[in-house]
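This briefing goes through one structure by topic, beginning with its pockets and then turning to charge pairs, surface and overall build. Please keep the sequence and the model at hand while reading.

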Amino acid sequence: MRVLPALISFLIFIVFLLPLTGGILNLGNCVGAFVSGVLTAVFLFYGKFTSLISHLWESSGGRAAVCIAAVLTVICIAAAAVMSFFMVKEMNDAPESTDTTVVVLGCKVKNGAPSLMLRRRLDAACEYISENPEVYVIVSGGQGSDESISEAECMKNYLISRGIAPQRIFEEDKSASTDENLSFSKEIIEREELPEHITIVTDGFHQLRSDMKAHRLGMEAYNISAHTPWWLLPTYWVREWFGIAYYAARDVFF
(Lines give C-alpha, C1' and ligand atoms only; values in the text may rest on other atoms or scores of the structure.)
Protein backbone atom coordinates (compact mmCIF):
# COMPACT_ATOMS: atom_id res chain seq x y z
CA MET A 1 0.00 0.00 0.00
CA ARG A 2 2.93 2.34 0.60
CA VAL A 3 4.71 1.67 -2.69
CA LEU A 4 2.26 3.59 -4.88
CA PRO A 5 2.20 6.83 -2.81
CA ALA A 6 5.99 6.61 -2.45
CA LEU A 7 6.33 6.30 -6.23
CA ILE A 8 3.92 9.19 -6.85
CA SER A 9 5.79 11.38 -4.36
CA PHE A 10 9.10 10.51 -6.01
CA LEU A 11 7.77 11.35 -9.48
CA ILE A 12 6.56 14.72 -8.14
CA PHE A 13 10.04 15.22 -6.67
CA ILE A 14 11.54 14.63 -10.14
CA VAL A 15 9.09 17.10 -11.73
CA PHE A 16 10.22 19.82 -9.32
CA LEU A 17 13.83 19.11 -10.28
CA LEU A 18 13.21 19.34 -14.03
CA PRO A 19 13.40 23.18 -14.17
CA LEU A 20 17.00 22.91 -12.94
CA THR A 21 17.92 21.58 -16.39
CA GLY A 22 16.96 25.01 -17.74
CA GLY A 23 18.83 26.89 -15.02
CA ILE A 24 15.63 27.70 -13.09
CA LEU A 25 16.01 27.61 -9.31
CA ASN A 26 13.52 29.42 -7.12
CA LEU A 27 11.40 29.05 -3.99
CA GLY A 28 8.86 26.98 -5.90
CA ASN A 29 11.05 24.06 -6.86
CA CYS A 30 13.03 24.23 -3.59
CA VAL A 31 9.88 23.91 -1.46
CA GLY A 32 8.22 21.46 -3.85
CA ALA A 33 11.27 19.19 -4.00
CA PHE A 34 11.69 19.33 -0.22
CA VAL A 35 8.07 18.44 0.57
CA SER A 36 7.81 15.69 -2.06
CA GLY A 37 11.19 14.32 -0.96
CA VAL A 38 10.06 14.19 2.68
CA LEU A 39 6.81 12.47 1.67
CA THR A 40 8.76 9.90 -0.35
CA ALA A 41 10.92 9.15 2.69
CA VAL A 42 7.87 8.93 5.00
CA PHE A 43 6.15 6.38 2.76
CA LEU A 44 9.30 4.34 2.24
CA PHE A 45 10.16 4.27 5.94
CA TYR A 46 6.65 4.41 7.32
CA GLY A 47 7.35 2.08 10.24
CA LYS A 48 10.26 4.16 11.50
CA PHE A 49 8.24 7.34 11.00
CA THR A 50 5.32 6.08 13.10
CA SER A 51 7.75 4.85 15.74
CA LEU A 52 9.29 8.33 15.91
CA ILE A 53 5.85 9.92 16.34
CA SER A 54 4.99 7.42 19.08
CA HIS A 55 8.25 8.16 20.85
CA LEU A 56 7.63 11.92 20.69
CA TRP A 57 4.09 11.45 21.96
CA GLU A 58 5.40 10.00 25.23
CA SER A 59 6.60 13.41 26.45
CA SER A 60 4.62 16.62 26.83
CA GLY A 61 7.14 18.55 24.76
CA GLY A 62 7.00 15.93 22.02
CA ARG A 63 3.19 15.98 21.97
CA ALA A 64 3.25 19.76 21.68
CA ALA A 65 5.71 19.57 18.80
CA VAL A 66 3.61 16.95 16.97
CA CYS A 67 0.41 18.96 17.47
CA ILE A 68 2.03 22.19 16.31
CA ALA A 69 3.43 20.46 13.23
CA ALA A 70 0.04 18.93 12.45
CA VAL A 71 -1.79 22.26 12.84
CA LEU A 72 0.73 24.09 10.67
CA THR A 73 0.47 21.37 8.03
CA VAL A 74 -3.33 21.65 7.94
CA ILE A 75 -3.13 25.46 7.73
CA CYS A 76 -0.62 25.32 4.87
CA ILE A 77 -2.71 22.77 2.93
CA ALA A 78 -5.88 24.82 3.43
CA ALA A 79 -4.15 28.06 2.40
CA ALA A 80 -2.67 26.40 -0.70
CA ALA A 81 -6.08 25.02 -1.65
CA VAL A 82 -7.82 28.39 -1.25
CA MET A 83 -5.13 30.25 -3.22
CA SER A 84 -5.20 27.62 -5.95
CA PHE A 85 -8.98 27.95 -6.25
CA PHE A 86 -8.75 31.70 -6.82
CA MET A 87 -5.73 31.29 -9.12
CA VAL A 88 -7.75 28.99 -11.36
CA LYS A 89 -10.75 31.32 -11.14
CA GLU A 90 -8.71 34.28 -12.43
CA MET A 91 -7.11 32.37 -15.28
CA ASN A 92 -10.11 32.79 -17.59
CA ASP A 93 -11.53 36.29 -17.34
CA ALA A 94 -11.53 37.39 -20.96
CA PRO A 95 -12.25 41.04 -21.83
CA GLU A 96 -15.93 41.83 -22.25
CA SER A 97 -15.30 44.47 -24.93
CA THR A 98 -12.53 45.93 -27.04
CA ASP A 99 -12.52 49.11 -24.94
CA THR A 100 -9.37 47.88 -23.22
CA THR A 101 -5.60 48.28 -23.25
CA VAL A 102 -3.62 45.06 -23.42
CA VAL A 103 -0.66 44.89 -21.02
CA VAL A 104 1.80 42.07 -21.64
CA LEU A 105 3.95 41.34 -18.60
CA GLY A 106 7.59 40.64 -19.30
CA CYS A 107 9.59 37.50 -18.70
CA LYS A 108 13.10 36.24 -19.39
CA VAL A 109 14.90 37.29 -22.59
CA LYS A 110 17.62 34.96 -23.87
CA ASN A 111 20.16 36.20 -26.41
CA GLY A 112 17.81 38.96 -27.50
CA ALA A 113 14.91 36.59 -28.13
CA PRO A 114 11.91 35.76 -25.94
CA SER A 115 12.19 32.75 -23.68
CA LEU A 116 9.64 29.96 -24.03
CA MET A 117 7.32 31.44 -21.40
CA LEU A 118 7.60 34.96 -22.81
CA ARG A 119 6.95 33.72 -26.34
CA ARG A 120 3.78 32.00 -25.22
CA ARG A 121 2.58 35.20 -23.55
CA LEU A 122 3.25 37.12 -26.75
CA ASP A 123 1.47 34.53 -28.88
CA ALA A 124 -1.60 34.77 -26.63
CA ALA A 125 -1.52 38.57 -26.86
CA CYS A 126 -0.94 38.51 -30.60
CA GLU A 127 -3.99 36.33 -31.20
CA TYR A 128 -6.23 38.80 -29.37
CA ILE A 129 -4.86 42.04 -30.79
CA SER A 130 -4.78 40.61 -34.31
CA GLU A 131 -8.50 39.89 -34.02
CA ASN A 132 -9.16 43.37 -32.57
CA PRO A 133 -7.19 45.93 -34.65
CA GLU A 134 -8.49 48.90 -32.62
CA VAL A 135 -6.81 47.66 -29.42
CA TYR A 136 -3.43 49.05 -28.29
CA VAL A 137 -0.85 47.06 -26.38
CA ILE A 138 1.77 47.93 -23.77
CA VAL A 139 4.74 45.59 -23.54
CA SER A 140 6.14 45.87 -20.04
CA GLY A 141 9.54 44.75 -18.80
CA GLY A 142 12.95 46.25 -18.08
CA GLN A 143 16.41 44.94 -18.86
CA GLY A 144 18.04 42.47 -16.49
CA SER A 145 21.76 42.30 -15.89
CA ASP A 146 21.97 39.15 -18.03
CA GLU A 147 19.76 40.42 -20.85
CA SER A 148 21.16 42.11 -23.96
CA ILE A 149 18.01 44.19 -24.54
CA SER A 150 15.00 45.11 -22.45
CA GLU A 151 12.09 42.70 -22.28
CA ALA A 152 9.86 45.44 -23.69
CA GLU A 153 12.06 45.91 -26.77
CA CYS A 154 12.23 42.16 -27.30
CA MET A 155 8.45 41.88 -27.04
CA LYS A 156 7.86 44.76 -29.43
CA ASN A 157 10.22 43.24 -31.99
CA TYR A 158 8.42 39.90 -31.72
CA LEU A 159 4.96 41.42 -32.14
CA ILE A 160 6.09 43.44 -35.16
CA SER A 161 7.50 40.24 -36.69
CA ARG A 162 4.03 38.72 -36.21
CA GLY A 163 2.44 41.56 -38.19
CA ILE A 164 1.35 43.95 -35.43
CA ALA A 165 1.72 47.59 -36.49
CA PRO A 166 4.45 49.42 -34.48
CA GLN A 167 2.15 52.38 -33.77
CA ARG A 168 -0.13 50.09 -31.78
CA ILE A 169 2.66 49.12 -29.39
CA PHE A 170 3.87 51.13 -26.42
CA GLU A 171 7.06 50.16 -24.58
CA GLU A 172 7.43 50.25 -20.81
CA ASP A 173 11.08 49.33 -20.33
CA LYS A 174 11.93 50.38 -16.76
CA SER A 175 10.08 47.85 -14.60
CA ALA A 176 11.70 45.05 -12.63
CA SER A 177 8.65 43.52 -10.88
CA THR A 178 4.93 42.93 -11.29
CA ASP A 179 4.27 46.01 -9.16
CA GLU A 180 6.33 48.19 -11.49
CA ASN A 181 4.94 46.51 -14.62
CA LEU A 182 1.47 47.72 -13.77
CA SER A 183 2.38 51.00 -12.07
CA PHE A 184 4.50 52.19 -15.00
CA SER A 185 1.97 50.89 -17.53
CA LYS A 186 -0.73 52.91 -15.79
CA GLU A 187 1.40 56.03 -16.30
CA ILE A 188 1.57 55.31 -20.04
CA ILE A 189 -2.19 54.74 -20.18
CA GLU A 190 -2.85 58.09 -18.53
CA ARG A 191 -0.27 59.95 -20.63
CA GLU A 192 -1.44 58.49 -23.95
CA GLU A 193 -5.13 58.59 -22.98
CA LEU A 194 -5.59 54.89 -23.67
CA PRO A 195 -8.60 52.90 -22.37
CA GLU A 196 -8.37 52.58 -18.59
CA HIS A 197 -9.69 49.04 -18.45
CA ILE A 198 -6.73 46.76 -18.98
CA THR A 199 -6.33 43.20 -20.15
CA ILE A 200 -3.33 41.55 -18.53
CA VAL A 201 -1.52 38.93 -20.55
CA THR A 202 0.67 36.64 -18.48
CA ASP A 203 0.85 32.99 -17.46
CA GLY A 204 -2.29 31.63 -15.82
CA PHE A 205 -0.63 31.03 -12.46
CA HIS A 206 0.38 34.71 -12.34
CA GLN A 207 -3.02 36.23 -13.08
CA LEU A 208 -4.35 36.41 -9.51
CA ARG A 209 -1.36 38.32 -8.16
CA SER A 210 -1.40 40.64 -11.18
CA ASP A 211 -5.08 41.34 -10.57
CA MET A 212 -4.38 42.07 -6.90
CA LYS A 213 -1.85 44.71 -7.92
CA ALA A 214 -4.15 46.17 -10.58
CA HIS A 215 -7.01 46.56 -8.10
CA ARG A 216 -4.64 48.18 -5.62
CA LEU A 217 -3.89 50.76 -8.32
CA GLY A 218 -7.60 51.31 -8.93
CA MET A 219 -7.57 49.56 -12.30
CA GLU A 220 -10.18 47.15 -13.64
CA ALA A 221 -8.42 44.16 -15.14
CA TYR A 222 -9.40 41.38 -17.51
CA ASN A 223 -7.12 38.42 -18.19
CA ILE A 224 -5.74 36.50 -21.13
CA SER A 225 -3.63 33.58 -19.96
CA ALA A 226 -0.71 32.02 -21.76
CA HIS A 227 -0.18 28.28 -21.56
CA THR A 228 2.69 27.35 -19.21
CA PRO A 229 4.85 24.33 -20.14
CA TRP A 230 3.81 21.36 -17.97
CA TRP A 231 7.28 20.78 -16.56
CA LEU A 232 7.49 24.39 -15.32
CA LEU A 233 3.94 24.76 -14.03
CA PRO A 234 4.35 23.01 -10.61
CA THR A 235 7.44 25.06 -9.76
CA TYR A 236 5.88 28.39 -10.66
CA TRP A 237 2.53 27.46 -9.14
CA VAL A 238 4.12 26.78 -5.74
CA ARG A 239 6.29 29.89 -5.96
CA GLU A 240 3.16 31.91 -6.68
CA TRP A 241 1.61 30.82 -3.37
CA PHE A 242 4.34 32.70 -1.55
CA GLY A 243 3.95 35.74 -3.79
CA ILE A 244 0.20 35.86 -3.19
CA ALA A 245 0.65 35.40 0.56
CA TYR A 246 3.13 38.29 0.59
CA TYR A 247 0.78 40.54 -1.40
CA ALA A 248 -2.16 39.70 0.87
CA ALA A 249 -0.12 40.33 4.03
CA ARG A 250 1.16 43.61 2.64
CA ASP A 251 -2.38 44.78 1.87
CA VAL A 252 -3.44 43.99 5.43
CA PHE A 253 -0.49 45.41 7.35
CA PHE A 254 0.77 48.25 5.12
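In this predicted model, helices α1, α2 (27-44), α4 (60-90) and α9 each supply at least two residues of the lining of the second largest pocket. That lining is made up of 19 residues, and those nearest the centre of the pocket are Val-31, Val-35, Cys-76, Ile-77 and Trp-241. The lining divides into 15 nonpolar and four polar residues, with no charged residue among them, and the space in this second largest pocket comes to about 690 Å³.

**The largest pocket**

- The largest pocket holds about 810 Å³ of space, and its lining is formed by 34 residues.
- Gly-106, Cys-107, Lys-108, Tyr-236 and Arg-239 are the lining residues that lie nearest the centre of the largest pocket.
- Helices α5 (116-131), α7 (178-192) and α9 (233-253) each contribute at least two residues to the lining of the largest pocket, and α9 likewise supplies at least two residues of the lining of the second largest pocket.
- The lining of the largest pocket divides into 11 nonpolar, 14 polar and nine charged residues, whereas the lining of the second largest pocket has no charged residues.

**Salt bridges**

- Side chains of opposite charge can pair when their charged atoms come close.
- The structure holds seven salt bridges, and the three described below are among them.
- Arg-162 forms a salt bridge with Asp-123, in which the closest N and O atoms are 2.6 Å apart. The pair joins distant parts of the chain, 39 residues apart, with Arg-162 in the loop between α6 and β5 (169-172) and Asp-123 in helix α5.
- Arg-162 is partly exposed, with a relative accessible area of 41%, and Asp-123 is also partly exposed, with a relative accessible area of 27%.
- Arg-250 forms a salt bridge with Asp-179, and here the closest N and O atoms are 2.9 Å apart. This pair, too, links distant parts of the chain, since Arg-250 belongs to helix α9 and Asp-179 to helix α7, 71 residues apart.
- Arg-250 counts as buried because its relative accessible area, 14%, is under 20%, and Asp-179 counts as buried for the corresponding reason, because its relative accessibility of 18% is under 20%.
- Glu-240 forms a salt bridge with Arg-209, with the closest N and O atoms 2.6 Å apart. The two residues are 31 residues apart and link distant parts of the chain, Glu-240 lying in helix α9 and Arg-209 in helix α8 (residues 207-216).
- Both Glu-240 and Arg-209 are buried.

**Nonpolar surface patch**

- A nonpolar patch on the surface is formed by Leu-4, Leu-7, Ile-8, Phe-10, Leu-11, Ile-12, Ile-14, Leu-17, Leu-20 and Leu-25, which together have about 890 Å² of accessible area.
- One of these patch residues, Leu-17, is placed in helix α1 (residues 3-17).
- Leu-17 is partly exposed, with a relative accessible area of 30%.
- Helix α1 also supplies at least two residues of the lining of the second largest pocket.

**Individual residues and chain separations**

- Glu-153 is found in helix α6 (residues 151-161). At 35% relative accessibility, Glu-153 counts as partly exposed because this value lies between 20% and 50%.
- The C-alpha atoms of Glu-153 and Tyr-46 are separated by 54 Å, and the two residues are 107 residues apart along the chain.
- His-197 is found in the loop between α7 and β6 (198-203), and His-197 is partly exposed, with a relative accessible area of 34%.
- The C-alpha atoms of His-197 and Tyr-136, which are 61 residues apart along the chain, are separated by 12 Å.

**Overall build**

- The protein chain contains nine helices and seven strands.
- The C-alpha trace of the protein chain spans about 70 × 40 × 35 Å along its principal axes.
- Of the 254 residues in the protein chain, 43% are buried, and Arg-250, Asp-179, Glu-240 and Arg-209 are among the buried residues.

Key: Residues are numbered from 1 along each chain as its sequence is written. This is a predicted model: local features need pLDDT of at least 70, side-chain atom pairs count only at pLDDT 80 or more; totals for chains, interfaces and linings use all residues. Side-chain values use heavy atoms; hydrogens and water are left out. Patches are made of residues with over 30% relative accessible area and no salt bridge: like charges are joined within 9 Å, nonpolar side chains (Val, Leu, Ile, Met, Phe, Trp, Tyr) within 5 Å. Accessible areas come from the Shrake-Rupley method with a 1.4 Å probe; for residues, only the protein chains shown count as cover. A salt bridge is a side-chain nitrogen of Lys or Arg within 4 Å of a carboxyl oxygen of Asp or Glu. Helices (H or I, at least four residues) and strands (E, at least two) are DSSP runs, numbered from the N terminus. Buried means under 20% relative accessible area, exposed over 50%, partly exposed in between (1.4 Å probe, protein chains only). On a 1 Å grid over the protein atoms alone, a cavity is a set of points where a 1.4 Å probe fits but cannot get out, and a pocket is an open set with protein on both sides within 12 Å along at least five of seven lines; lining residues have an atom within 4 Å of a point. Grid points are joined across faces, edges and corners, and a volume is the space filled by probe spheres set on the points. Ala, Val, Leu, Ile, Met, Phe, Trp, Tyr, Cys and Pro count as nonpolar, Asp, Glu, Lys and Arg as charged, and the others, Gly among them, as polar.
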